[in-house]
Amino acid sequence: MVPVCHELSRSNAEFSEQSHYLVEEGTLDHEIRDSLTAVIAAVKDLPGFHKYWQQRRAIFFLGFQQFVDDILASEQENSEGLYQPKLK
């Protein structure tokens, strides 16, 4: 049985990849890509995201891999503190 959180991550990643290419071809507005970038930037520093991307990166098209890799390498951060660990 696949954990629900893993299944949701996979579904979100597939949706993100599809949206990325629809923006590239002009079917979706570029603001969709900006939104995707913000979402990935918000969670990029979480260990779970890095583990997921490390394990699953190869299943995505090269253009989307580069898109995500560029976000991971960037200084952009959008979490507004929401994803910070609680201090004890």
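# A quick tour of an all-helix chain

Read from start to end, the protein chain follows the pattern α-α-α-α. That comes to 4 helices and 0 strands. Keep in mind that this is a predicted model. Here's what to look for as you turn it around.

**The chain as a whole**

- The protein chain has 88 residues, and 27% of them count as buried.
- About 6500 Å² of the protein chain is exposed, with carbon and sulfur atoms supplying 57% of that area.
- Take the contacts in the protein chain with a separation of 6 or more: 62% of them come from residues 24 or more positions apart.

**Helix H3 and its two sides**

- Start with Phe 49, Tyr 52 and Trp 53, which are the buried residues to find in H3.
- Looking down the axis of H3, you'd see its buried residues fall within an arc of 95°, so they line one face of the helix.
- Now swing round to the other side of H3, where Pro 47 and Gln 54 are exposed.

**The salt bridge**

- There's 1 salt bridge in the structure.
- Asp 69 and Arg 57 form a salt bridge through their side chains, at 2.4 Å from N to O.
- The pair ties together distant parts of the chain, 12 residues apart: Asp 69 belongs to helix H4 (residues 62–73), while Arg 57 is in the loop between helix H3 (47–56) and H4.
- Arg 57 has a relative accessible area of 29%, so this residue is partly exposed.

**Lys 44, a buried charge**

- You'll find Lys 44 in the loop between helix H2 (30–43) and H3.
- Lys 44 is buried but has no salt bridge. The nearest side chain of opposite charge belongs to Asp 45, and that is 4.9 Å away. A salt bridge needs the side-chain nitrogen within 4 Å of a carboxyl oxygen, so Asp 45 doesn't make the cut at 4.9 Å.
- What does lie 3.3 Å from a polar atom of the Lys 44 side chain? That's the backbone oxygen of Ile 71.
- Leaving aside residues up to four places away in sequence, Lys 44 touches Phe 49, His 50, Ile 71, Leu 72, Ser 74, Glu 75 and Gln 76.
- Phe 49, one of the residues that Lys 44 touches, is also among the buried residues of H3.
- Ala 73 sits 29 residues from Lys 44 in sequence, and their C-alpha atoms are 9.4 Å apart in space. Ala 73 itself is part of helix H4 and counts as exposed, at 65% relative accessibility.

**Glu 17, another buried charge**

- Glu 17 has its place in helix H1 (residues 4–24).
- Is Glu 17 buried or exposed? With a relative accessible area of 10%, Glu 17 is buried, because the cut-off for that label is under 20%.
- A polar atom of the Glu 17 side chain lies 2.8 Å from the backbone nitrogen of Phe 61.
- Not counting residues up to four places away in sequence, Glu 17 touches Phe 60, Phe 61 and Phe 64.

**Asp 34 in H2**

- Asp 34 is a residue of helix H2, and at 44% relative accessibility this aspartate counts as partly exposed.
- His 20 is 14 residues from Asp 34 along the chain, and 9.8 Å separates their C-alpha atoms.

Note on methods:
Residues are numbered from 1 along each chain as its sequence is written. This is a predicted model: local features need pLDDT of at least 70, side-chain atom pairs count only at pLDDT 80 or more; totals for chains, interfaces and linings use all residues. Side-chain values use heavy atoms; hydrogens and water are left out. Helices (H or I, at least four residues) and strands (E, at least two) are DSSP runs, numbered from the N terminus. Buried means under 20% relative accessible area, exposed over 50%, partly exposed in between (1.4 Å probe, protein chains only). Contact means heavy atoms within 4.5 Å. Accessible areas come from the Shrake-Rupley method with a 1.4 Å probe; for residues, only the protein chains shown count as cover. The arc is that of the directions from the helix axis to the C-beta atoms. Lys and Arg count as positive and Asp and Glu as negative; His and the chain ends are not counted. A polar contact is a pair of N or O atoms within 3.5 Å; within protein, one must be able to donate a hydrogen and the other to accept it, and residues adjacent in sequence count only if both atoms are side-chain atoms.
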